[in-house]
Amino acid sequence: MMVPPADSSAFSPLVVLELLPDTKQEAITWLLGRIREPQETGGAGLLVEQLGPGLGAVEKENPNLFLVGASRERLLSGAEDVGLFKEYSDGSMRGFTCSNKQHFKDFQGDGDGFLSMAECQHIIKHELDTLRAKDETHVPGYSHAKLYPGKSIIRRLLSKGILIQMFPLHQPEELKRLSFSWYKKVKLSLQPLDDIRRYYGEGQALYFGFLEYFTFALVPMALFGVPYYLFDWEDYDKYVVFAGFNVIWCTIILELWKRCSASLAYRWGTLSRKKAFEEPRPGFHGVLGFNPVTGREEPLYPNAKRQLRIYLVSLPFVLLCLYLSLYVMMIYFQMEAWVLSIHDQEPSFWTAVLLFIPSIIYAVVIEAMNLVYRYAAEFLTEWGKTLRSSDLLSLHLQLAFETMSVIAVVTNCGLIGMSPQVRAFFPDSDSQLILWTVAIEVIHPRLLSHLQPDPLIYWVQGCGCHLGMTSPSESSLLL
């Protein structure tokens, strides 16, 4: 969605909140009041206006679209709250503070243009996510949407379906300037990573920076590989030399990318961003109190109870899932050995078909286990409301990473078995069977994804939205 920038003296929208079309008026009035309420009394201190009619067919269908922005002073105080690092007058990177704002580089006048578009939208999202209930017991007009002191309001509205989505707005003029400097002009030059970072944020800028770096890193591989395969050299030394070059090449490009990414992160202020006192995530469950270190009001939960949940529930469950994955893989190997023995004893057309049955069964089992693991990860994430974001990333999401790594190991073994180096040393191996096995492992996820009904896909996406993940439409709006 694109909205023309408003007059700088009036209101500059940055984020859109979309509520249900039939949202009760008392709930809308309460939400807007909490957003506009000053920070000193527990509000967000932001500016919000309803999107007026006549701006497009989409807006007319749902009248409950609200534009959220902030004054320049509020954005600067928000930059201090989120711990943004900016370049100081002496060239170092320091955490921004309103008291020393005049000493930061590029800060002129009242700070117009000091914060990038991505930083402003990040501040708005942070303030909305940290908007918490005070003494309310439920959302006005919705008795089933329970609240308690310290509960994230936006999180509760999303989980109950009252708030459909929250997404940032495009700025047409800035987007047009970025497109002309980036891809609309045919020229041999590097990407404008700083401009990409100012508009889309550090994550997207690092992504395109890595693509640019990796493109140049492939040049030595191409220069070495093209003449390498042109020569008629069938000795084993050929594979040894190429394998040695791959090892050296991979090591060098990874180490150089570490230096390059660290340089970009430092220049953009993300390398030095404070992480020692991270704030609780929006879905964090706890009693509202004061952090003894930062002095801020935030939900608190005893650390001993949190550690008990991690080591007595989450960690054993992850280990159990890993054991099940390895057990299923061993059964697959036994089935494969069994059908191979049958085919060796009485080779025929049907025994040749039987060779592919273990791979097909294994592929179906993997897909079923993927659904179970996804549901388990979502359940643990919702149950682990007492965990901070770093704990969730290291434990609950580790469930998906570790189980998928088992499948990746099996697939990689097949790919290694097909490689020319292995076939040269083991000429009697059944490479065709390995090829079919790997093909089934690679193709079956795509095939089953197309065979799955659409309601299942929407259910999975809905679970992600309920857990506070990015909405499906937000990515398309950003791109």
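**Notes on the predicted model**

1. Phe208 has a relative accessibility of 23% and so counts as partly exposed. The cut-off for buried is under 20%, a useful thing to keep in mind for the ring pairs discussed below. Please also remember throughout that this is a predicted model.

2. For the overall picture, the protein has 18 helices and ten strands. It runs to 479 residues, 39% of which count as buried. Taking contacts between residues at least 6 apart in sequence, 63% join residues at least 24 apart. The accessible surface is about 27,500 Å², and carbon and sulfur atoms account for 64% of that.

3. On confidence, the mean pLDDT is 75, with 68% of residues at 70 or more. Among the elements, helix 1 (residues 25-36) has the highest mean, 93, and helix 18 (residues 472-478) the lowest, 34. Residues 3-9 fall below 50, and that stretch has ten contacts beyond near neighbours in sequence. Residues 449-479 also stay under 50, with 32 contacts beyond four places in sequence. Where pLDDT is low, the predicted coordinates should not be read in detail, so I would leave those contacts aside.

4. Helix 3 (residues 72-82) is a nice place to look. Its buried residues are Arg74, Leu75, Leu76, Ser77, Gly78, Ala79 and Val82. They pack against helix 4 (117-129). Just past the end of helix 3, Gly83 has a positive phi of about 80°.

5. Now to the rings: the whole structure holds 17 aromatic pairs. One of them joins Tyr88 and Phe104 edge-to-face, with 5.0 Å between centres and 85° between planes. The two residues are 16 apart: Tyr88 lies in the loop between strand 4 (85-87) and strand 5 (93-95), while Phe104 lies in the loop between strand 5 and helix 4. Tyr88 is buried at 12% relative accessibility, and Phe104 is buried too, at 3%.

6. Compare Tyr207 and Phe208: their ring centres are 5.1 Å apart and their planes meet at 70°, so this pair is edge-to-face. Here Tyr207, at 49% relative accessibility, counts as partly exposed, and Phe208 was described as partly exposed at the start.

7. Which residues do ring pairs link into a cluster with Tyr88? They are Phe96, Phe104, Phe107 and Phe114. Two charged side chains sit over rings of this cluster. The charged end of Arg94 is over the ring of Tyr88, 3.9 Å from its centre, and that of Lys86 is over the ring of Phe114, 5.0 Å from its centre.

Technical notes:
Residues numbered from 1 in each chain as written. Heavy atoms only, no water. Buried < 20%, exposed > 50% of the residue type's maximum accessible area, 1.4 Å probe, protein only. Helix = DSSP H or I, 4+ residues; strand = E, 2+ residues; numbered from the N terminus. Contact = heavy atoms within 4.5 Å. Areas by Shrake-Rupley, 256 points an atom, 1.4 Å probe, with all protein chains shown as cover. pLDDT = per-residue confidence, 0-100. Phe/Tyr/Trp six-rings, centres within 6.5 Å; stacked < 30°, edge-to-face > 60°. Lys NZ or Arg CZ within 6 Å of the ring centre and 35° of its normal.
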